[in-house]
Amino acid sequence: MVFEPPKRLVRALGETAPDGDDWLEKLPEAAQQAVTLRELTVERVQVPGGRSSLVVLVRTADGAPAVLKLAPGRARPEAERAALAHWGGRGAVQLLEPCRTEGVLLLERLHPDVSVRSLPEAKALLEAAGTLRRLWVEPPADFPFETVAERTGRQAEAMRARAQADPEVAPLVGLALAAREELLAAPPEHRLLHGTFRQSKVLSGERMPWLAVGPDPVVGECAFDLARLVRDRVEDLIAQPSGAATTRRRVKRLAESLDVDQERLRGWTLFRAVESGVRAGRVGRPRDAELLLEFAGWL
């Protein structure tokens with residue numbers, strides 16, 4: 001079988017490595033080697049798939065359904081492996097093997113086309129939040145993960161540079177950076193977080209109704225993790241005449257349901273929305289940038 005990377009993956013990797021790299025060139029051969037080593041039978045490549053990895057639906061030598069995932073080093077697949085191993089299937093997809101090949105993960109098969117995003121909005125938020133709560137555990141000793149301070153520090157540098165080049169975004173960037181400084185002055189928790197949690201990252205399963213996939217794990221406070229969920233379906237929020245009020249109610253409802261401080265959740269939601277909006281503008285996605293920055297302005 002020819003392992004053709006989906007267009008979505010090619011486009012997204014081009015955003016993170018505009019000068020290119022050789023991972024995509026080597027991907028077909030690496031995928032074939034991973035399949036052969038594990039004696040897997042390939043069913044199909046998942047399309048449109050993710051933005052940072054090739055996902056292949058396979059069956060193991062004994063016929064059990066599974067997922068083979070290949071990701072470049074900059075997507076931090078080894079951190080994902082460590083987090084999934086630590087969770088041990090509690091709230092997240094199960095890792096089916098220890099490390100055999102760097103950048104290659106063999107995972108429990110969920111229903112790849114059924115996420116909580118398919119549910120009505122209120123129900124989707126409830127199910128997603130319940131899944132997220134199960135992931136917030138103490139990190140392992142000597143954890144191999146970034147901290148929230150480290151990750152957002154890198155992001156803050158890129159935001160400052162963008163604000164200098166584009167004065168229109170400078171006021172929001174200033175508010176977001178000030179919020180970050182205040183939040184990091186007194187971080188209240190030290191938990192293992194999913195890192196990139198949203199409704200589309202929660203898939204239907206057999207072992208449990210809903211399980212999280214695709215973490216980019218980080219260690220820090222729960223409000224940082226929950227902040228990404230606040231802006232889910234941002235295009236729908238923007239289209240509503242009451243979008244700003246709906247957003248503020250969502251912050252309050254999610255904070256209360258997961259025992260997270262509402263102001264800290266609002267602050268991290270602001271930072272993460274501005275960071276995502278600035279990054280979208282930088283890589284040539286002006287529509288996404290516009291939506292995210294308008295959303296951030298409501299906070």
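Helix H7 is largely enclosed by the rest of the structure, because nine of its nine residues are buried. This is a predicted model, and H7 is a good place to start reading it. One of the H7 residues, Phe-224, forms an aromatic pair with Trp-268, and another, Leu-226, is among the residues of the largest nonpolar core that touch the most other members. From there, the tour below moves to a second core, a pocket and a few loops.

**Helix H7 and its aromatic partners**

- The buried residues of H7 are Cys-222, Ala-223, Phe-224, Asp-225, Leu-226, Ala-227, Arg-228, Leu-229 and Val-230. Charged side chains are on that list too, including Asp-225 and Arg-228.
- How many aromatic pairs does a search of the whole structure find? There are four.
- In one of these pairs, Phe-224 and Trp-268 meet edge-to-face, with 5.2 Å from centre to centre and 85° between the planes. Phe-224 belongs to helix H7 (residues 222–230) and Trp-268 to helix H10 (residues 262–282), so this pair ties together parts that are 44 residues apart in sequence.
- Both partners are buried: Phe-224 has a relative accessible area of 1%, and Trp-268 has 0% relative accessibility.
- Phe-271 joins in as well, since ring pairs link Phe-224, Trp-268 and Phe-271 into a cluster.
- Phe-224 has a further neighbour in Arg-272, which lies over the face of the ring at 4.2 Å from the ring centre.

**Nonpolar cores**

- Which residues touch the most other members of the largest nonpolar core? They are Leu-226, Leu-265, Val-274 and Phe-295, out of 72 residues in that core.
- Leaving out residues up to four places away in sequence, Leu-226 touches Leu-132, Trp-136, Leu-254, Ala-255, Leu-258, Val-260 and Leu-265. Leu-265 therefore appears twice here, as a contact of Leu-226 and as one of the residues that touch the most other core members.
- Another core, of 18 residues, lies apart from the largest one. Trp-23, Val-56, Ala-66 and Leu-106 are among its members.

**The second largest pocket**

- The second largest pocket holds about 200 Å³ of space. It is lined by 14 residues, and the closest to its centre are Ala-30, Leu-70, Thr-101, Glu-102 and Val-104.
- Which element gives the most to this lining? Helix H2 (residues 23–38) does, with seven residues.

**The loop between E1 and E2**

- Ser-53 sits in the loop between strand E1 (41–45) and strand E2 (54–59), and at 5% relative accessibility it is buried.
- Not counting residues up to four places away in sequence, Ser-53 touches Leu-9, Lys-69, Leu-70 and Ala-71. Leu-70 also belongs to the residues closest to the centre of the second largest pocket.
- Gln-46 is found in the loop between E1 and E2. Is Gln-46 buried or exposed? Gln-46 is buried, with a relative accessible area of 8%.
- Beyond its neighbours within four places in sequence, Gln-46 is in contact with Pro-6, Val-55, Leu-57, Pro-112 and Asp-113.
- Gln-46 and Leu-237 are 191 residues apart in sequence, and their C-alpha atoms are 29 Å apart in space.
- Pro-48 is placed in the loop between E1 and E2, and the peptide bond leading to it from Val-47 is cis, with omega near 10°.

**Backbone and exposed loop positions**

- Most residues other than glycine have a negative phi, and most peptide bonds are trans.
- Glu-39 has a positive phi, near 55°, without being a glycine. Glu-39 is in the loop between H2 and E1 and is exposed, at 59% relative accessibility.
- Asp-259 has a positive phi of about 55° and is not a glycine either. Its place is the loop between helix H9 (243–257) and H10, where Asp-259 is exposed with a relative accessible area of 65%.
- Pro-120 lies in the loop between strand E5 (111–115) and helix H4 (121–135), and counts as exposed at 58% relative accessibility.
- How many residues apart in sequence are Pro-120 and Leu-172? They are 52 residues apart in sequence, and 31 Å apart in space from C-alpha to C-alpha.

Key: Residues are numbered from 1 along each chain as its sequence is written. This is a predicted model: local features need pLDDT of at least 70, side-chain atom pairs count only at pLDDT 80 or more; totals for chains, interfaces and linings use all residues. Side-chain values use heavy atoms; hydrogens and water are left out. Rings of Phe, Tyr and Trp (its six-membered ring) pair if their centres lie within 6.5 Å; planes under 30 degrees apart count as stacked, over 60 as edge-to-face and the rest as tilted. Helices (H or I, at least four residues) and strands (E, at least two) are DSSP runs, numbered from the N terminus. Buried means under 20% relative accessible area, exposed over 50%, partly exposed in between (1.4 Å probe, protein chains only). A charge sits over a ring if NZ of Lys or CZ of Arg is within 6 Å of the ring centre and within 35 degrees of the ring normal. A nonpolar core is a set of buried Ala, Val, Leu, Ile, Met, Phe, Trp, Tyr and Cys residues joined through side-chain atoms within 4.5 Å. Contact means heavy atoms within 4.5 Å. On a 1 Å grid over the protein atoms alone, a cavity is a set of points where a 1.4 Å probe fits but cannot get out, and a pocket is an open set with protein on both sides within 12 Å along at least five of seven lines; lining residues have an atom within 4 Å of a point. Grid points are joined across faces, edges and corners, and a volume is the space filled by probe spheres set on the points.
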